[in-house]
Number of protein chains: 4
Amino acid sequence: MSSFKTVALIGRYDSPDVATALATMGDYLRKQGREVLVEKETAASCGLSGFPVADFDEIGARADLAVVQGGDGSMLNAARHLAVHQVPLVGVNLGRLGFMTDIASVKMLDAMADILAGRHTIEERTMLAVEVRRNGGTEFSTFVLNEVVVNKGAVLRLIEILVHIDGESVYDLRSDGLIVATPTGSTAYALSSDGPILQPSVPAFALVPICPHTLSNRPIIVSDRSVIEITLRRSIDARLHLDGQLECKLLEGDQVRIGRAQHTIAFVHPPGYSYYAMLREKLHWGKIL
Amino acid sequence: MSSFKTVALIGRYDSPDVATALATMGDYLRKQGREVLVEKETAASCGLSGFPVADFDEIGARADLAVVQGGDGSMLNAARHLAVHQVPLVGVNLGRLGFMTDIASVKMLDAMADILAGRHTIEERTMLAVEVRRNGGTEFSTFVLNEVVVNKGAVLRLIEILVHIDGESVYDLRSDGLIVATPTGSTAYALSSDGPILQPSVPAFALVPICPHTLSNRPIIVSDRSVIEITLRRSIDARLHLDGQLECKLLEGDQVRIGRAQHTIAFVHPPGYSYYAMLREKLHWGKIL
Amino acid sequence: MSSFKTVALIGRYDSPDVATALATMGDYLRKQGREVLVEKETAASCGLSGFPVADFDEIGARADLAVVQGGDGSMLNAARHLAVHQVPLVGVNLGRLGFMTDIASVKMLDAMADILAGRHTIEERTMLAVEVRRNGGTEFSTFVLNEVVVNKGAVLRLIEILVHIDGESVYDLRSDGLIVATPTGSTAYALSSDGPILQPSVPAFALVPICPHTLSNRPIIVSDRSVIEITLRRSIDARLHLDGQLECKLLEGDQVRIGRAQHTIAFVHPPGYSYYAMLREKLHWGKIL
Amino acid sequence: MSSFKTVALIGRYDSPDVATALATMGDYLRKQGREVLVEKETAASCGLSGFPVADFDEIGARADLAVVQGGDGSMLNAARHLAVHQVPLVGVNLGRLGFMTDIASVKMLDAMADILAGRHTIEERTMLAVEVRRNGGTEFSTFVLNEVVVNKGAVLRLIEILVHIDGESVYDLRSDGLIVATPTGSTAYALSSDGPILQPSVPAFALVPICPHTLSNRPIIVSDRSVIEITLRRSIDARLHLDGQLECKLLEGDQVRIGRAQHTIAFVHPPGYSYYAMLREKLHWGKIL
């Protein structure tokens, strides 16, 4: 028997019909002799009963694996909570294919059988540690899997930021904002802002400006050992966005420090997983113009 | 004597030292036998006295020419107020070169001498008429010179809009927003969002998506006889921005209708003006990599 | 009866199985009482017999309509030959959908019935007149529908060109090349080089640089009344490409003059044709990421 | 005394006035007690005498340092010859600032004094090993510092290539070509083709398509441990370009295999060198629009 003795189930919050998929997976896992936990808010949101409920900290303490049924947003949320506990994630896609939820819903039990039998690969994904400093103190700090975005708020006025890497000045950027993305995040918001795709194993982060005022500005890829410091120099209404799920206001003078998080998050893939096949499908590269 | 008998002076509002430049221009114009009016808010903002004060409507009724001393923002504001009155504008640049304020401050009296002597060219710039419709009624309507922007507000969540041109469906766009720009506006915000440059005489508008989710999306150039209708299909917090100076919230279901304004605004250029020379200088095309 | 009494058939040259489609169309047209001509090289290439054969000049003199069965390349070729004769074109697509061949093969007889019955729209597409001048004389001149490309040859060394519009200097471009495209050509090679899409009715041309050395360079849209002059300043091995079908070498000092051609080419569309629907389908805009 | 006892001088080949700069440097180095060698073709090209002449192999065997006076092209050439011999390079810029020749000509003796005194930093730059395979055998193999380009030749017809990474299919690319660039090469041709900038220490390569037919195609950054295999599937006239200096024809079926070269090339920088400062200056990021 594989090491995945206790498995947590996490579902998309806003979707009541996720309950059936979760129950199917839960029943299957029990039949395979695994202990099953359902994440607390998931249970509350979809009304799933019949399985013990646990919050993320309990899951972190007890689970050997977490199965996320939903979309990329659900994976981001789970990763931020479970990375420190080193619980690996399996992504089952409900709806259209996600960049992270690589297992199709209809094949989830087959994929799970493979994974429980040890026929899987494990991929470590780098995360970002982010800290907001204000007036010499730490205002806020957390971890993210996709990206940190510093950008203008509702007012259509550019912001001006200073960017330093390892203490060295990079540029004084006047733009709508700046995205600092992990390889995982390179296929999310950064891609819409014309950033490149970073293969997950590349130990680097992408700095992608949003609507830069200086037309010769380009995305820059820096080592994931870099410490990136963004100082908000001028802004009427700037925001910090974390994985598109958390947000806070930024004030002039605030510093956002970004580096590699101490922990990675592990993704467990069934046999046959291919990052490039997923890209081709999601980005319609097969479609001939 | 040229037809510019009465000349209005308009200055940047946020800059007290514009008073000297305005007074210099005003004195010069009086010596040339012209009647001089100073725009009301300009006078209030910089404390200029010694010239009769007039609001934009009086300027519209009485002036044959308006000299704008400031930046592109001052020109946009003047254009929106004076286009209906058909008062042509001269742009004198205070600070760094503007796309619209093409006369350098140090050469303004020479340029003015040329213009008063009839040695000038007149360039008509197309404007946009924009109307916001809600629940079957008109919520708001105005004219803009640069662009109409429909975009997300402070929340980092894409908006979804339907775009129709002359009643025909163009696309269902999921993005941070969409810019509809005149040729004049093509060198402003639209350029930061990777839009093309439209020579001012091209009778067309540019539709430039901001961070589109569909990667094969591209700017589209449509005839200026088109009626562009943008319907906000899904959004948590969307905004309408007009020339970067006016703003209003948009609700799901709102329609923004955009077409060519009835009036153009005339720019008066001294001899030697070159649109392409201005582009080269502003965009540093002369600089060799 | 409609005015299309004599109809020419033109097929893709490199495809022998086009013969069946041509014969089907030819038989149908005869049944409708039309005179049918088959273009000479088409007949030779696919071995079609049973219809009178005519070269492009005869078609120009006699035909009221030409039906092109093939892809966009076949349309480009037909347009260059028939524009001066003002013979309108119908495009039937063999293979995958073309930007110009808008009628699906399986629906071609229905579409033709509509067209013969007068249920159609006619769209005039602008063409470019291009002339190569060398040592004060005209080396070469022709018409194109899509684009003129001045670019480097096989050697990976940038070329340097001077661009003037209506005698005014635009820029000194160091790049792999420059594309001057009509609205029709804006969805062809220019699109791959990050140019915008021009709605066919926009009276403008797009200047799209290929791999420009100056990163702030952007596509420029100019009035179709402009005369664009490209002077090859420095190059080891430069080429002129016309519609991707004709090619000649360019020497340092050569001038390429480009303007609107005197004649347009008319495209005949069956009912229900939509330019935007075609864009959506070809560019996969409907596909959600 | 530092370890740089024997110093080679290498100059731009096509520039006779490089002789003075080389002689100045050579005399200075002798005064500092160093042995000086002049690269053979450099000596022949600029007519410099008075120093012993050596070809690249002798330089590789005997020199502890090579001073390159010229531009980035001279550095590329020197790097390809000297990397296997592990001779570090110093770049002195003649003409405008280069991305690699970071020492201004007027400051070269001061910089050299610092370097000889051990006040310098050493930066290892990754190189690419490239091999062309045809009919099962190796047609050609070499090392490059900037990039490998597979692209169309003089004919304006797209090429079709299959790309595999570590044996896994990435895509079937239809485009003008594909650039595989090192971080050093990311600021060269790849940048003109809209590739991102890779900080030199990032252990990755950039795959940047040239004018891709599929509009959703994007640059991909892959680990420098990857083996990239490009198979030419369809082409009339394709070429392989290496650092923009070597070229060969490619035939349908040819495979180009690209991986990290065994050797790196070391760049020696004087105190105060900043990669980002160089970027800002070269790309005019300081210039406000």
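Here is a walk through a few parts of this structure, which is a predicted model.

Let's start with how two of the chains sit together. If you lay chain B on chain C, the fit has an RMSD of 0.0 Å, and getting there takes a turn of 180° with a shift of 0.0 Å along the axis. The two copies are therefore related as by a two-fold rotation axis. Want a landmark for that axis? In chain B, look for B:Pro196: its C-alpha is the nearest to the axis, at 3.4 Å. Now think about the surfaces that touch. Of the interface residues of chain B, 100% are also interface residues in chain C, so the copies meet through the same surface.

Next, find helix H7 of chain B, which covers residues 275-282. Which of its residues are buried? They are B:Tyr275, B:Tyr276, B:Met278, B:Leu279 and B:Lys282. Try looking down the axis of H7(B): the buried residues fall within an arc of 155°, so they line one face of the helix. What do these buried residues of H7(B) pack against? Part of the answer lies in chain B itself, with strand E7 (121-125) and strand E14 (197-198). The rest lies in chain C: strand E11 (159-165), strand E12 (168-175) and strand E16 (220-223). So that you don't miss it, check what comes just after H7(B), where B:His284 takes a positive phi of about 55°.

Now move to a pair of helices in chain C. Helix H1 (residues 18-31) and helix H5 (residues 108-116) have axes that come within 11 Å and cross at roughly 35°. Is the crossing of H1(C) and H5(C) left-handed or right-handed? It's right-handed. On the H1(C) side, the residues in contact are C:Ala21, C:Thr24, C:Met25, C:Tyr28 and C:Leu29. They meet C:Met108, C:Leu109, C:Met112, C:Ala113 and C:Leu116 in H5(C). Sort the residues of this contact by class and you get 9 nonpolar, 1 polar and no charged.

Finally, take a look at chain A. Here helix H1 (residues 18-31) and helix H5 (residues 108-116) pack at an angle of about 35°, with their axes 11 Å apart. The crossing of H1(A) and H5(A) is right-handed. From H1(A), the contact uses A:Ala21, A:Thr24, A:Met25, A:Tyr28 and A:Leu29, while H5(A) brings A:Met108, A:Leu109, A:Met112, A:Ala113 and A:Leu116. By class, the contact of H1(A) with H5(A) comes out as 9 nonpolar, 1 polar and no charged residues.

Methods. Residues are numbered from 1 along each chain as its sequence is written. Chains are lettered from A and ligands numbered from 1 in the order in which they are written. This is a predicted model: local features need pLDDT of at least 70, side-chain atom pairs count only at pLDDT 80 or more; totals for chains, interfaces and linings use all residues. Side-chain values use heavy atoms; hydrogens and water are left out. Buried means under 20% relative accessible area, exposed over 50%, partly exposed in between (1.4 Å probe, protein chains only). Helices (H or I, at least four residues) and strands (E, at least two) are DSSP runs, numbered from the N terminus. The arc is that of the directions from the helix axis to the C-beta atoms. Contact means heavy atoms within 4.5 Å. Copies are superposed by least squares on the C-alpha atoms of residues with pLDDT of at least 70 in both. Axes are lines fitted to C-alpha atoms, for helices over the stretch in contact, and angles run from 0 to 180 degrees between N-to-C directions. A crossing is left-handed if the near helix is turned anticlockwise from the far one by less than a right angle, and right-handed if clockwise. Ala, Val, Leu, Ile, Met, Phe, Trp, Tyr, Cys and Pro count as nonpolar, Asp, Glu, Lys and Arg as charged, and the others, Gly among them, as polar.
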